[in-house]
Amino acid sequence: MLRAEFPDAGEQSPEALLAAYESMLAATVESVGVETVVEETELDETTVRRVADGDAADLPLSSAAAVLGTDPEYPDADTVQAEAQDILLMGMTTAVMDVESLASGIDDEMEPKEIQQKIEGRHPMTLAEYAVLHSYIEGQQR
């Protein structure tokens, strides 16, 4: 989700990339504490504990960004989310890819319009969906 954190995203499967995201989020919760994450985000304690256990596939990207934003080592949540979306948009530009070819490349797991809305932040995107898009887009740049 952060540019410097996953430079080899295109070489990883979506599942491996998701596991890396989940590990990063779990480490953040461990570092700052469950209570801090609950206080500083809109997430409930059950969700934060799930994230701490490495189970964040269904977590919206905005919530993952909020978790990272609680750690002073990372930018604030809005910046993290904007950078995550920018990674996808810039990657599509570099790979000369439109949403139709992206949808086809991920075996139509998502519709082109849905992909566009998710990347632009107009529709929620889960961490698992982000991993699929990030892995594929980065893999096409090579």
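Where does Leu-68 lie? Select it and you'll land in helix 4. Keep in mind that what you have open is a predicted model.

**Stop 1: Leu-68 and the helix 1–helix 4 contact**

Show the surface around Leu-68 and try to find the residue from outside. Its relative accessible area is 0%, so Leu-68 counts as buried, the cut-off being under 20%. For a sense of distance, draw a line from the C-alpha atom of Leu-68 to that of Glu-42: they are 26 residues apart along the chain and 13 Å apart in space.

Now bring up helix 1 alongside helix 4. Their axes come within 9 Å and cross at roughly 40°. That makes the two helices oblique to each other, and helix 1 passes helix 4 in a left-handed crossing. To see who is touching whom, select Met-24, Leu-25, Thr-28 and Val-29 on helix 1, then Ala-64, Val-67 and Leu-68 on helix 4. Colour that set by class and you get six nonpolar residues, one polar and no charged ones.

**Stop 2: helix 1 against helix 8**

Stay with helix 1, which covers residues 14–32, and add helix 8, residues 127–140. Here the axes come within 8 Å and cross at roughly 125°. This pair is oblique too, but helix 1 passes helix 8 in a right-handed crossing. On the helix 1 side of the contact, pick Pro-14, Leu-17, Leu-18, Tyr-21 and Leu-25. On the helix 8 side, pick Leu-127, Ala-128, Tyr-130, Ala-131, Val-132, His-134 and Ser-135. By class, the contact has 10 nonpolar residues, two polar and no charged.

Zoom in on Ser-135 while you're here. Is it buried or exposed? At 8% relative accessible area, Ser-135 is buried. Leaving out neighbours within four places in sequence, Ser-135 is in contact with Ala-9, Gly-10, Gln-12, Ser-13, Pro-14 and Leu-17. If you want a distance to check, the C-alpha atoms of Ser-135 and Gln-116 are separated by 16 Å, with their positions 19 residues apart along the chain.

**Stop 3: the core**

Nonpolar side chains in soluble globular proteins tend to be buried together. In this model the largest nonpolar core has 43 residues, and the members that touch the most others are Leu-25, Leu-102, Ile-115, Leu-127, Tyr-130 and Leu-133. Which elements give two or more residues to this core? They are helix 1, helix 2 (34–40), helix 3 (45–52), helix 4 (61–69), helix 5 (77–94), helix 6 (99–105), helix 7 (112–119) and helix 8. Helix 1 gives the most, with seven residues.

Select Leu-133 and expand to its contacts. Ignoring residues up to four places away in sequence, Leu-133 touches Leu-88, Leu-102, Ile-106, Met-110, Ile-115, Ile-119 and Met-125.

Follow that list to Ile-119, in helix 7. With 3% relative accessibility, Ile-119 counts as buried. Setting aside residues up to four places away, its contacts are Gln-85, Leu-88, Leu-89, Met-92, Leu-102, Met-125 and Leu-133. One more distance to draw: the C-alpha atoms of Ile-119 and Ala-84 are 8.9 Å apart, although 35 residues separate them along the chain.

**Stop 4: two loops with positive phi**

Most residues other than glycine have a negative phi. Here are two to check against that.

Go to Val-96, in the loop between helix 5 and helix 6. Its phi is near 50°, a positive value in a residue other than glycine. Turn the surface back on: Val-96 is exposed, with a relative accessible area of 74%.

Next, move to Asp-108, in the loop between helix 6 and helix 7. Phi of Asp-108 is near 55°, again positive in a residue other than glycine. At 51% relative accessibility, Asp-108 counts as exposed, because the cut-off is over 50%.

**Last stop: Pro-7**

Finish in the segment before helix 1, where you'll find Pro-7. Is Pro-7 buried or exposed? It counts as exposed, at 61% relative accessibility. Draw a final line from Pro-7 to Lys-118: their C-alpha atoms are separated by 22 Å, and the two residues are 111 apart along the chain.

Terms used:
Residues numbered from 1 in each chain as written. Predicted model: local features only at pLDDT ≥ 70, side-chain atom pairs only at ≥ 80, totals over all residues. Heavy atoms only, no water. Axes fitted to C-alpha atoms, helices over the stretch in contact; angles between N-to-C directions. Helix = DSSP H or I, 4+ residues; strand = E, 2+ residues; numbered from the N terminus. Parallel < 35°, antiparallel > 145°, perpendicular 65-115°, else oblique. Left-handed = near helix turned anticlockwise from the far one by under 90°. Contact = heavy atoms within 4.5 Å. Nonpolar A, V, L, I, M, F, W, Y, C, P; charged D, E, K, R; others polar. Buried < 20%, exposed > 50% of the residue type's maximum accessible area, 1.4 Å probe, protein only. Core = buried A, V, L, I, M, F, W, Y, C linked by side-chain atoms within 4.5 Å.
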